[in-house]
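Let's take a walk through this structure together, starting at the ligand and working outward. Have the sequence and the 3D view at hand as you read.

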Amino acid sequence: MLQEQWAIWKIMPTGKRDSAGSIDATANGLVWAILMLPAPLFAVPPILGLQPWRVAMTPTGVASVGLLTVALAISPLLLLFPRSSSLLWLVRHRRAVGVAAFSYAALHLAVFIPAVGRLDYILLGMAYPSMWTGWISFALLALLAATSNGLSLRRLGVWWKQLHRIAYVAALLAYGHWLLLTSSTGWAAYCGATLTVLQALRLPQWYATRRKHTGSIAETTVSASRRL
Ligand code: HEM
């Protein structure tokens, strides 16, 4: 199942499934399908020859960055509004949002290839910052997607969560890609700034957890040395 495979923003990185696991998987599939509803509107006109392929690049790219931003913004927003029912709902379906972000990026790449039409041009283009930012961002999203299954979760253990933090790098590269390719810098800058501010709100919580962790290690060391 797609939603099983692409668990980029899995709620439980320990690999455990909640008791309503299968219900969640179905609901996530539905949310993903709803988010993907506009995709045929972008892809079908160029397939039918009604529009140039290039036209589909803007909506697919913007949809991907937008969904990626939403997926990464959910946790910090929940810190601000812990009782918000819509945010709690989004947390449950964050995986579907991530899947949709990756799916739109894949569609973006799928329309880019016929839009350019020549492999040598595509390869030469990779040397430009406006292009390699997009390629690396896509490669990172693909890596996250490839390791977002139950087997990878079990094998990577605690490292799984660390690895999946590269979603932030993928987002930053995508903002850079957008900034470099569009004449209006507005939206890329707004998305990047909003996500940075929201992530900064997590710093006190991160600091408190770190202090608690360091404190408990120090306590264990002191009591162990007393016993010696
Ligand atoms: C896979 C490698 C990628 C390639 C080769 C690529 C290529 C391109 C190209 C050529 C454009 C300009 C389109 C135009 O002039 O109309 C573009 C725009 C854009 N791309 Fe990518 N891209 C890639 C990956 C990504 C990824 C991963 C994202 C998002 C996560 C993304 C988001 C965007 C956005 C938001 C735009 C600007 C749309 C606009 O304002 O017109 N791209 N991309």
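## Around the ligand

Helix α4 makes the biggest contribution to the shell around the ligand, giving 7 residues. Bear in mind as you look that this is a predicted model.

In total, 22 residues surround the ligand, and the closest are Thr58, Gly61, Gly134, Phe138 and Ala174. The elements that supply two or more residues to this shell are α4, α6, α8 and α11. By character, the shell splits into 13 nonpolar residues, 8 polar ones and 1 charged one.

## The nonpolar core

Now turn to the largest nonpolar core, which has 39 residues. Which of its residues touch the most other members? They are Leu67, Leu68, Ala71, Val97, Ala100, Ala101 and Ala174. Two or more core residues come from each of α2 (21-35), α4 (57-80), α6 (94-116), α8 (129-146), α11 (166-181) and α12 (186-200). Helix α6 provides the largest share of this core, with 11 residues.

Ala174 is worth finding in your viewer: it is listed among the closest residues to the ligand and also among the core residues that touch the most other members.

## Annotated segments

An unreviewed UniProt entry places the feature "transmembrane region" at residues 21-42, 62-81, 96-117, 132-151 and 163-181. Here is how two of these segments look in the model:

| Segment | Helix | Strand | Distance between end C-alpha atoms |
|---|---|---|---|
| Residues 62-81 | 95% | 0% | 26 Å |
| Residues 163-181 | 89% | 0% | 28 Å |

Definitions and conventions:
Residues numbered from 1 in each chain as written. Predicted model: local features only at pLDDT ≥ 70, side-chain atom pairs only at ≥ 80, totals over all residues. Core = buried A, V, L, I, M, F, W, Y, C linked by C-beta atoms within 7 Å. Buried ≥ 20, exposed ≤ 12 C-beta atoms within 10 Å, placed from the backbone. Helix = DSSP H or I, 4+ residues; strand = E, 2+ residues; numbered from the N terminus. UniProt positions renumbered as here; feature names shortened; annotations may be inferred. Near = placed C-beta within 6 Å. Nonpolar A, V, L, I, M, F, W, Y, C, P; charged D, E, K, R; others polar.
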